[in-house]
Structures are given as C-alpha cells and as structure tokens.
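Me: I should like to go through the reasoning behind several labels attached to this model. Please set each value against the criterion it has to meet.

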Amino acid sequence: MLEVIQDNWDLLQDGFVGTLKLTVVCGIASLLLGTLIAACRVSPVPPLRWFGAAYVNLFRNTPLTLIFFAVALGFPKLRFNFSFFQFAVIALSTYTAAFICEAIRSGINTVPIGQAEAARSLGMSFTQTLSQIVLPQAGRAAVPPIGSLLIAMVRNSAIASAFNTTELMGTSSTMIENGYKSLWVLVWIAIGYLIITLTMSALLAALEKKLAVVR
Amino acid sequence: MTTDASDTAPKPPVLTKRDIGKDAHSGEPLVVLENVNKHFGALHVLQDIDLTIHRGEVVVVIGPSGSGKSTLCRTINRLEAIDGGRITIDGNLLPQEGRELARLRSDVGMVFQSFNLFAHKTVLQNVTLGPLKVRREKADVVTRRAHELLDRVGVGSQADKYPAQLSGGQQQRVAIARALAMEPKVMLFDEPTSALDPEMINEVLEVMRDLAREGMTMVVVTHEMGFARSAANRVIFMADGRIVEENTPDEFFSNPRSDRARDFLSKILHH
Ligand SMILES: Nc1ncnc2c1ncn2[C@@H]1O[C@H](COP(=O)(O)OP(=O)(O)OP(=O)(O)O)[C@@H](O)[C@H]1O
Ligand SMILES: [Mg+2]
C-alpha cells in the first residue's frame with residue numbers, strides 16, 4: 001500500500017495542491033459572492049431582491065456538472081479565453097455561492113430586527129447596518145452550515161477533473177491505469193481530502209467560537 | 001438623584017418644565033406632521049394625524065394598546081413609511097430611502113422599549129459607533145464625548161462591558177447615551193421603561209427628566225403618569241389611530257374631556 005504514494009508522490013502532490021488551490025480560491029470567491037447575493041436578497045431595493053432570488057433559484061436547482069459544461073463550452077464561444085482552472089473556479093464558485101447565500105440569509109434572520117432598527121435610527125446606511133451590525137451577529141449562526149457547504153464544495157471539486165483541471169480525484173485514473181490496486185489508490189486520495197476538510201473544519205470551529213456573542 | 005432645589009424657594013423643590021410652563025420651549029416648530037395617514041394592510045393605524053412639536057417641548061403620548069403610539073413614533077424617523085401626508089423635521093421634508101434620509105435620521109434620536117443595544121459591541125463602542133461611522137468624527141473626540149455621556153447617565157464604570165452583562169435599567173441608560181452621542185435635535189422614546197423591573201424604572205425616568213430640564217425636545221410614549229406630570233408640556237391621547245385629546249398634563253389627568261380618555265385613565269389609575 002505504501003508503494004502507491006512512494007511511486008506516485010509527484011502525481012499525488014500535484015493533485016493535492018490542485019484540490020487545495022481550488023478549495024482556497026473557490027472558498028473565498030463563493031463566500032464573497034454569497035455574501036453579496038445575500039445582501040441583495042435583504043436589500044430595500046426590489047430589483048436587487050429579485051436578482052438575488054433568481055440567482056439562488058437558478059444555481060441551486062441546476063446540477064453542478066451542467067454548470068461546468070455551460071462554463072467550459074459557453075465561455076470560449078463568447079471569446080472568454082480562460083484556463084481550465086479558471087473555468088473550474090467560476091463554475092464551482094457560482095454554484096456554491098447560491099447555497100452560501102441562503103446560509104447567510106438564515107443567519108441574518110436570527111439577528112433580532114431591533115438591531116437593524118437601532119442602527120438605521122442612528123443614521124447608518126443599509127451597507128453600514130449590514131456590515132457593522134447584522135452580518136457580524138449573523139455569522140455565528142451561519143458558520144456551521146457554511147462549514148458543511150464548504151466541505152461539500154471540496155467534494156464537488158472532483159468534478160473539475162473531468163474538465164482537464166489537475167486535482168486530487170483525477171490522479172486516481174492515471175494510477176489505476178498504471179496497475180496500482182484501486183483500493184489503496186482511493187484510500188490515499190480519501191486521506192488527501194480528509195486533510196483538507198478536517199483542517200477547514202478546525203478553522204471554522206475556531207471562527208465560530210470567535211463570533212460567539214453573549215446575549 | 002439631582003435636584004434643583006433652591007435655598008429660598010419654599011414650594012417646588014424640583015424645578016420642572018411644567019412649572020415653567022409653555023415658555024420653556026422657544027415655540028418654534030421642530031417636528032411637524034400634517035395629515036399623516038398610514039395603513040398596515042386593511043388596518044388604518046394612523047388617521048389624519050396633525051401634530052406640531054416645538055423646540056424644547058416635551059410631549060407625552062399615551063393611549064390604549066394598539067392605538068398607534070409606536071407607529072406614530074416610528075414614522076417620525078421613517079422606520080415606518082407613511083402612505084399620505086407630510087412630515088418635516090426642522091423644516092426639512094423627510095426624504096425617501098437613501099443618504100438624505102440617513103442624514104436626517106441621525107438628527108432624531110430613538111430609544112426603544114427593548115433597548116436594542118448592539119449585542120456584539122461594548123457599551124463604549126455602542127455609543128461611539130454612530131458618531132464614528134455616520135458623522136465620521138475623530139475617534140479621540142468621540143471617545144471623550146462618549147465617556148462624558150456614559151458618566152452623565154450613570155454607567156461610566158461599565159464602558160468596557162457588553163450589553164448582556166448590564167441590568168435592564170443600565171442598558172436603557174446606555175441606549176439613551178448612544179442616541180445622545182449623535183447630538184440629535186429631538187429624541188423619541190417608545191415605552192422606554194415598559195420592559196424594566198419596577199426598581200429600575202426610576203433611574204431611567206430620572207435621566208429623562210434631566211434631559212427634559214436641559215431643554216431637549218422629546219416625544220415620549222409612556223404610561224408613567226408621574227413622569228408625564230413632572231416633565232411634560234403636553235399630553236397627547238391616542239385611540240384607534242387618532243389623536244383624540246391634547247392638553248397640559250394637569251388638565252388632562254384631572255379633567256379629561258373625551259369619554260375614551262376618561263375610560264382609559266380610570267383603567268390605568270385604579271387597576
Ligand atoms: N409591522 C406591522 N404590520 C402589521 N400590523 C402592525 C405592524 N406594527 C403594528 N401593527 C398593528 O398596528 C396597530 C398599532 O400598533 P402600535 O404598535 O403602533 O400600537 P401601540 O399604540 O404602540 O400599542 P402598544 O401600547 O401595545 O405598544 C396594532 O393593531 C398593531 O397590531
Ligand atoms: Mg407600542
């Protein structure tokens with residue numbers, strides 16, 4: 001079993017780094033995008049609310065593979081010449097953002113309405129009220145579901161291998177073709193994913209603790 | 001507790017606005033509501049409200065539950081939008097949403113029944129946040145003023161605590177300091193003592209009496225008759241979305257003109 005990683009160290013390492021890069025970039029992008037869309041969904045401007053609702057409904061209800069296809073086939077037609085990695089980031093982030101938006105919105109709903117009213121009565125703008133008062137308090141309730149969503153995102157990133165992106169899952173076919181026992185190949189790949197997701201869980205747990213508010 | 005007792009005066013130990021009478025305020029209109037109407041769906045919560053609040057005046061709003069007192073208060077800083085009529089503050093028409101509205105709101109302080117202190121900020125940060133973020137004042141100036149205000153409302157030693165660590169009375173006094181930090185032209189109080197344990201009511205009313213004495217323009221929704229008698233220039237009685245009666249506190253409490261007011265007073269005075 002050890003010879004799987006001994007012989008394929010470089011390949012596995014490339015795959016691991018690929019998945020890690022996808023995780024970090026897509027994680028940040030989908031958090032930013034998800035927050036932005038959640039802000040649209042609670043905004044006082046109706047067209048922004050409609051946009052937010054439409055976005056969430058569209059991306060939450062479309063299979064991720066379909067989004068990958070749309071990006072990988074559609075963007076070149078529109079003469080956007082991105083790398084495969086960038087295609088993967090766009091597809092995975094837009095998809096994950098729809099779910100993160102809803103997690104943030106349910107977090108926002110746990111913040112008593114009086115908090116926002118007090119902020120508005122002081123003369124704070126919508127953006128100030130959201131960023132200074134509501135989101136910091138919504139964070140605590142939103143972090144656990146966001147954690148699960150990010151872990152799902154790491155798993156979903158495996159789809160990127162079908163679209164020519166170097167990542168962990170994609171290394172398995174090469175190794176299995178080269179005659180290594182598929183069981184051990186997959187065990188090592190699973191360990192690679194676990195390293196990423198467990199680290200992420202630990203970071204999120206720390207964040208949740210930091211956001212805790214005494215009421 | 002502070003008193004303005006003068007060594008010579010034999011009768012009123014505490015000099016209140018009521019004693020000074022209508023001359024206490026300059027008479028210049030500050031908040032003007034003209035023909036204001038508001039619905040919640042089919043419910044007509046505010047019906048043809050005309051109300052002028054003068055600079056330096058203290059107006060107490062009373063009335064049965066559901067009569068629209070809170071809604072009236074909240075329309076003055078547009079936490080509730082109105083369907084018809086107009087509201088001006090210091091001559092400026094209340095704008096629609098946006099930057100202008102935010103600017104006007106910052107001139108209107110609001111104190112809520114449930115305090116609504118920012119739970120994730122310290123007491124000091126609660127008071128400094130508005131001046132820092134909305135007015136973009138310098139941090140050292142704001143912090144100094146915040147400490148002065150907290151001392152003034154008697155919670156100076158709690159500055160670094162979080163709201164949840166304070167008693168209700170302390171929280172409400174911080175909320176008053178937070179509103180005052182914006183140096184508002186008028187202060188709105190929506191049942192500021194209703195959520196408090198009885199022993200904490202007075203410490204909050206005392207802060208409000210001091211404010212009234214210093215000439216702050218105030219609209220106070222409250223059932224505290226003692227406060228109304230000692231601090232208010234005028235009592236407004238609301239029922240079913242209308243202003244039914246308006247009078248000086250003495251006249252209103254001893255001699256209510258409408259049946260609704262008589263009925264209401266008999267209920268709250270002899271419960
Ligand atoms: N956001 C809302 N949506 C629908 N109806 C509302 C809303 N806010 C208040 N109302 C209704 O409007 C009426 C007036 O409410 P308001 O809170 O102004 O009364 P109030 O005089 O302050 O009563 P209380 O003494 O109980 O605080 C009530 O019947 C209430 O149920
Ligand atoms: Mg009310």
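Reply: A polar contact is a pair of N or O atoms within 3.5 Å. The model under discussion is predicted.

Me: What makes the approach of Gly66(B) to ligand 1 a polar contact?
Reply: A backbone N or O atom of Gly66(B) is placed 2.8 Å from an oxygen atom of ligand 1. The cut-off is 3.5 Å, therefore the pair qualifies.

Me: How do you know that Ser67(B) and Glu191(B) also make polar contacts with ligand 1?
Reply: For Ser67(B), a polar backbone atom is 3.2 Å from an oxygen atom of the ligand. For Glu191(B), a polar side-chain atom lies 3.2 Å from a ligand oxygen. Both values are within 3.5 Å, so both pairs meet the criterion. As to burial, ligand 1 taken alone exposes 630 Å², of which the protein buries 58%.

Me: Which elements give two or more residues to the shell around ligand 1?
Reply: They are β2 (43-54) and α2 (69-76) of chain B. The largest share, 3 residues, comes from α2(B). The residues around the ligand include Phe40(B), Pro64(B), Gly68(B) and Lys69(B); each is counted because one of its heavy atoms lies within 4 Å of the ligand.

Me: Why is the pair Asp107(B) and Lys185(B) called a salt bridge?
Reply: The closest N and O atoms of Asp107(B) and Lys185(B) are 3.7 Å apart. The limit between a Lys or Arg side-chain nitrogen and an Asp or Glu carboxyl oxygen is 4 Å, so the pair is accepted. Asp107(B) sits in the loop between α3 (99-105) and β6 (108-111) of chain B, and Lys185(B) in the loop between α6 (168-180) and β7 (186-190) of chain B; the two are 78 residues apart and link distant parts of the chain. Over all chains, the whole structure holds 26 salt bridges.

Me: What makes Leu20(A), Val24(A), Val25(A), Ile28(A) and Leu32(A) a nonpolar surface patch?
Reply: Patch members must have over 30% relative accessible area, and nonpolar side chains are joined within 5 Å; these five residues are therefore grouped as one patch. The patch covers about 430 Å². Ile28(A) belongs to helix α2 (residues 9-41) of chain A, a chain with 9 helices and 0 strands.

Me: How confident is the predictor in chain A and chain B?
Reply: Chain A has a mean pLDDT of 90, with 98% of its residues at 70 or more. Among the elements of chain A, the lowest mean, 80, belongs to helix α1 (residues 2-7) and the highest, 96, to helix α3 (residues 46-60). Chain B has a mean of 88, with 90% of its residues at 70 or more. Over residues 1-23 of chain B, however, the pLDDT is below 50, although this stretch has 32 contacts beyond near neighbours in sequence. Where pLDDT is low, the predicted coordinates should not be read in detail.

Note on methods. Residues are numbered from 1 along each chain as its sequence is written. Chains are lettered from A and ligands numbered from 1 in the order in which they are written. Side-chain values use heavy atoms; hydrogens and water are left out. Patches are made of residues with over 30% relative accessible area and no salt bridge: like charges are joined within 9 Å, nonpolar side chains (Val, Leu, Ile, Met, Phe, Trp, Tyr) within 5 Å. Accessible areas come from the Shrake-Rupley method with a 1.4 Å probe; for residues, only the protein chains shown count as cover. Helices (H or I, at least four residues) and strands (E, at least two) are DSSP runs, numbered from the N terminus. pLDDT is the predictor's confidence in each residue, from 0 to 100. Contact means heavy atoms within 4.5 Å. A polar contact is a pair of N or O atoms within 3.5 Å; within protein, one must be able to donate a hydrogen and the other to accept it, and residues adjacent in sequence count only if both atoms are side-chain atoms.
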